[in-house]
Amino acid sequence: MTVKFGNLTLSSPYLPASGCYGYGTEAWKLFEGVTLTWGAVTTKTITLKPRQGNAPPRIFEAENGVINRVGLQNCGLDIFINEKFPEIKKLSCPAVISIFGENPDEWLEIASRLGTAAAQALELNLSCPNLKGEVVTRDRKKCSAVVKKLRNACSVPLWVKINAVDSPVDLSMELEKLGVDAIVCSNSIPCAVNFEGKIYEGGLTGPAIKPIVLKAVRQIRQKISIDIAACGGISSYSDVEDYSLAGASAFVIGTALLKNPDAVNSIMNQQKEKILRKGNNNG
Ligand SMILES: Cc1cc2nc3c(=O)[nH]c(=O)nc-3n(C[C@H](O)[C@H](O)[C@H](O)COP(=O)(O)O)c2cc1C
């Protein structure tokens, strides 16, 4: 089931979503029987300095989904490169490192050091809803400046993670012109929740966002030719078929992993069953 995606050859079109699969190696240690069926592993977003993230509460159940306001908790670049990345490299699939910088120089430092450390692709998290200030992609000048700087300086494939609600089509067209290799749509959708009488802002994920992301993927596909990875509420092979029809060529699984860290295996089994059923009906 090998696929070409943004210059990389992936052994399957399935990837874990950033932030829903730790640094990529934990599931094998924590859960017996988890299968290595990923086309690549995507890490939690890495920042230059370690981050504690937001104080609790950080995760809320929602109708048909989850709301989170984790706020990019991670170990920081030094620990990632020295301790986490060597472990990830032992997996038999490429590593896509999700990154975030506070300013263009920080973005460049993170990207350059990860390029030197042999990351197979970088996913620029320009759409996190859980930081102070606005989602970066809403400031198109800032967003373009970061992407231009990284594109000029780094040969590593650059994927950009956008959200499905902040002008995703115009933005994707601009990103394609700037030379990015692929679009990942969508990050969690900015939202708010009342928890015990206090309103918290966060990001909505899971099946609740799928119809919104499906529309964005379809509309983006009509305007750009680089690859699109769909991310939003995928938990079954039928979701994969929907996104494939809309024009995605890779499928990124997030919230479903919180329930079942081996979700990709059950999706692949559903796919095999469907192919077999088709074969039997034709025979
Ligand atoms: C608990 C949690 C943490 C997340 N952390 C990140 C992150 O660090 N970086 C990022 O780009 N997206 C992060 N996301 C967003 C997911 O990568 C994904 O874009 C989103 O969950 C939509 O996919 P889904 O509907 O399959 O969950 C996080 C999502 C959740 C639920």
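**Sheet, nonpolar core and ligand shell**

Eight strands form an open sheet in the order 3-14-13-10-9-8-7-4, with parallel pairing; two strands pair if DSSP finds at least two bridges between them. The edges of this sheet are strand 3 (14-16) and strand 4 (41-42), each of which pairs on one side only. Helices (H or I, at least four residues) and strands (E, at least two) are DSSP runs, numbered from the N terminus. The model is predicted: local features need pLDDT of at least 70 and side-chain atom pairs count only at pLDDT 80 or more, whereas totals for chains, interfaces and linings use all residues. Residues are numbered from 1 along each chain as its sequence is written.

Strand 13 (residues 227-231) runs parallel to strand 14 (residues 250-253), and three bridges join them. A230 stands opposite F251 in strand 14.

A230 also belongs to the largest nonpolar core, which has 78 residues; L122, V160, C185 and A230 touch the most other members. Such a core is a set of buried Ala, Val, Leu, Ile, Met, Phe, Trp, Tyr and Cys residues joined through C-beta atoms within 7 Å, where buried requires 20 or more other C-beta atoms within 10 Å of the residue's own, placed from the backbone. Helix 6 (residues 210-221) gives the largest share of this core, five residues. Leaving aside residues up to four places away in sequence, C185 touches ten residues' worth of neighbours including V213, A216, V217, I220 and A230 (contact: C-beta atoms, placed from the backbone, within 7 Å).The shell around the ligand has 27 residues, of which A17, G19, T205, G254 and T255 come nearest (near: C-beta atom, placed from the backbone, within 6 Å). Strand 6 (65-68) and helix 8 (255-259) are the elements that give two or more residues to this shell. Eleven of the shell residues are nonpolar, 14 polar and two charged.

How values were computed. A residue is buried if 20 or more other C-beta atoms lie within 10 Å of its own, exposed if 12 or fewer, and partly exposed in between; C-beta atoms are placed from the backbone. Two residues are in contact if their C-beta atoms, placed from the backbone, lie within 7 Å. Ala, Val, Leu, Ile, Met, Phe, Trp, Tyr, Cys and Pro count as nonpolar, Asp, Glu, Lys and Arg as charged, and the others, Gly among them, as polar.
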